[in-house]
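Reader: Please take a close look at the pockets of this model and at what surrounds them. I would like the account in one piece.

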Amino acid sequence: MSMNAKCIAAVRAAAGNRRISDGKINKIADKLDETLRQLAREDRALPPNNRVWMSLTKDQQVAKGAERAMQEVQAEAALVEHRAALQV
C-alpha cells in the first residue's frame, strides 16, 4: 500500500520532532495495509447480520485500522522492553 501525501504529512506531524524516513513511512503503510486486511477478514468471519466493515467509509476503515495498528505496535514495544528488562 502506498500512502498519499496527506497521510504521510499526518504521520510526520504526529511524530513531532522525530524525523521519519521514507523507509519507516513504507513500514507504517505496510502495517496499516496488513491491519486493514485483517479487520476485513475478522468481519467476514462474523455472522452476516453482525458485519459492519463494508458499511464503513474508507476513512472510517483507515481510522479503525490505524487505531488497531497502533495498539499492536505499542504492545510489541512493551514486550521488547519487558524482554530487555528480563535480560539484565
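Author: What follows goes through the pockets, then the helix packing and a few single residues.

The model is a predicted one, and every value below is computed from it. The largest pocket holds about 1,100 Å³ of space. Its lining is made up of 24 residues. Nearest the centre of the largest pocket are Met3, Val11, Ile28, Ala66 and Met70. Three helices each supply at least two residues of this lining: H1, spanning 5-14, H2, spanning 22-44, and H3, spanning 58-86. H3 gives the most, with seven residues. Sorted by class, the lining of the largest pocket contains 15 nonpolar residues, two polar residues and seven charged residues.

The second largest pocket has a volume of about 210 Å³. The residues that line the second largest pocket are Leu39, Glu42, Asp43, Leu46, Val52, Trp53, Leu56, Lys64, Glu67, Arg68 and Gln71. Two or more residues of that lining come from each of H2 and H3. H3 has the largest share here, with four residues. The classes in the lining of the second largest pocket are five nonpolar, one polar and five charged.

Next comes the packing of two helices that help to line the largest pocket. The axes of H1 and H2 are 11 Å apart, and the two helices pack at an angle of about 110 degrees. H1 is therefore roughly perpendicular to H2, because angles of 65 to 115 degrees fall in that class. On the H1 side the contact is made by Ile8, Val11 and Arg12, and on the H2 side by Asp22, Ile25 and Ile28. By class, this contact has four nonpolar residues, two charged residues and no polar residues. Val11 and Ile28 take part in the contact, and both are also listed among the residues nearest the centre of the largest pocket.

Further along H2 is Thr35. With a relative accessible area of 3%, Thr35 is buried, because the limit for that class is under 20%. Leaving out residues up to four places away in sequence, Thr35 touches Gly65, Arg68, Ala69 and Glu72. One of these, Arg68, also belongs to the lining of the second largest pocket.

Arg44 is in H2 as well. Its relative accessibility is 52%, so Arg44 counts as exposed; the cut-off for exposed is over 50%. Arg44 and Met54 are separated by 10 residues in sequence, and their C-alpha atoms are 9.3 Å apart in space.

Leu56 lies in the loop between H2 and H3. Its relative accessibility of 18% puts Leu56 in the buried class, since buried means under 20%. With residues up to four places away in sequence not counted, Leu56 touches Gln61 and Lys64. Leu56 and Lys64 both appear in the lining of the second largest pocket.

Notes: Residues are numbered from 1 along each chain as its sequence is written. This is a predicted model: local features need pLDDT of at least 70, side-chain atom pairs count only at pLDDT 80 or more; totals for chains, interfaces and linings use all residues. Side-chain values use heavy atoms; hydrogens and water are left out. On a 1 Å grid over the protein atoms alone, a cavity is a set of points where a 1.4 Å probe fits but cannot get out, and a pocket is an open set with protein on both sides within 12 Å along at least five of seven lines; lining residues have an atom within 4 Å of a point. Grid points are joined across faces, edges and corners, and a volume is the space filled by probe spheres set on the points. Ala, Val, Leu, Ile, Met, Phe, Trp, Tyr, Cys and Pro count as nonpolar, Asp, Glu, Lys and Arg as charged, and the others, Gly among them, as polar. Buried means under 20% relative accessible area, exposed over 50%, partly exposed in between (1.4 Å probe, protein chains only). Contact means heavy atoms within 4.5 Å. Axes are lines fitted to C-alpha atoms, for helices over the stretch in contact, and angles run from 0 to 180 degrees between N-to-C directions. Angles under 35 degrees count as roughly parallel, over 145 as roughly antiparallel, 65 to 115 as roughly perpendicular and the rest as oblique.
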